[in-house]
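Please look over the sequence and the model below before reading on. This report takes up some pairings of strands and one packing of helices.

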Amino acid sequence: MTNANPYIYVIEDEESISKLICMYLKKASIDTKPFFNAEEALANLDIDKMPDLIILDLNLPGMSGFEFLQKAKTKFSKKMPSVMILSARDADEDIIEGLGLGADEFITKPFSPGVLVARIQANLRRQSNATANAEESIKFEDYTLLLNSCVLKKGTVKIPLSTKEYEVLEFLVKHAGETLSPEQIYQGVWKVEFGDLTAVAVYIQRLRKKIEADPSSCHFIKTDFGNGYIFNKSTIEN
């Protein structure tokens with residue numbers, strides 16, 4: 001968490017929903033800034049302090065939520081905050097596209113305001129804990145996983161990862177040498193028993209593009225066909 005007090009953008013064009021979210025967050029002592037279109041929010045990121053988290057609708061006037069994600073991630077890749085998509089669109093392809101563009105969570109409408117606040121608080125808590133604790137690390141060949149600050153480096157260069165990309169990679173590395181099914185990875189990272197398992201494949205694919213020299217012939221994250229994924233234990237320094 002980068003701000004003294006939690007600070008969140010709410011990008012939602014339906015005023016009643018925006019007010020409801022902001023009201024519940026205010027009760028939880030979380031500051032908010034509402035936007036009714038993505039263009040204004042994107043422009044504001046240039047001049048405003050960076051929020052700790054962004055709540056993003058997809059069906060927005062003008063620039064869509066997908067377009068906002070694409071442009072914001074390109075422009076602010078190294079300092080882009082976590083993004084939670086909050087949308088009535090619940091088709092698999094929408095969820096996969098949102099996660100593929102860098103969103104950390106996809107929450108469908110209608111939603112429970114209380115559950116939404118709890119998820120936001122959990123996200124902010126992870127950010128605070130990462131900053132507060134002494135740094136621990138795991139090295140695999142040229143890469144270093146900084147466990148407390150939730151950062152991946154290759155040498156001294158930081159590799160941009162979304163929150164969920166980092167969490168999936170950390171889970172794989174901590175279970176190196178074990179074959180992990182999509183169900184095990186989903187339960188271990190998302191902390192729920194049931195959900196959209198296609199998200200696991202999306203994040204594995206994204207991680208491979210970022211850490212594998214040749215994503216078509218993987219050295220670190222290998223596929224155990226019919227069973228799941230296995231992180232190459234031989235690459236980890238003891």
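Which residue stands opposite Leu-146 in E8? In this predicted model, the residue of E8 that stands opposite Leu-146 is Val-151. The pairing involves strand E7, made up of residues 143-146, and strand E8, made up of residues 151-154, which are joined in the antiparallel sense by four bridges. Between E7 and E8 lie four residues, so placed in the chain that the two strands form a hairpin, and Cys-150, in the turn, has a positive phi of about 55 degrees.

Strand E8 also pairs with strand E9, residues 157-159, and here three bridges join the strands, which again run antiparallel. In this second pairing Lys-154 stands opposite Val-157 in E9, and the hairpin that E8 and E9 form has two residues between the strands, with Gly-155 in the turn at a positive phi of about 65 degrees.

The turn residues named above are set out here.

| Hairpin | Turn residue | Phi |
|---|---|---|
| E7 and E8 | Cys-150 | about 55 degrees |
| E8 and E9 | Gly-155 | about 65 degrees |

Elsewhere in the chain, the axes of helix H2, residues 38-47, and helix H3, residues 65-75, come within 10 Å and cross at roughly 10 degrees. Because angles under 35 degrees count as roughly parallel, H2 and H3 are therefore roughly parallel to each other. On the side of H2 the contact is made by Ala-38, Ala-41, Leu-42, Leu-45 and Asp-46, while H3 contributes Phe-68, Lys-71, Ala-72 and Lys-75. Sorted by class, this contact of H2 with H3 has six nonpolar and three charged residues, and no polar ones.

Technical notes. Residues numbered from 1 in each chain as written. Predicted model: local features only at pLDDT ≥ 70, side-chain atom pairs only at ≥ 80, totals over all residues. Heavy atoms only, no water. Axes fitted to C-alpha atoms, helices over the stretch in contact; angles between N-to-C directions. Parallel < 35°, antiparallel > 145°, perpendicular 65-115°, else oblique. Contact = heavy atoms within 4.5 Å. Nonpolar A, V, L, I, M, F, W, Y, C, P; charged D, E, K, R; others polar. Pairing = 2+ DSSP bridges.
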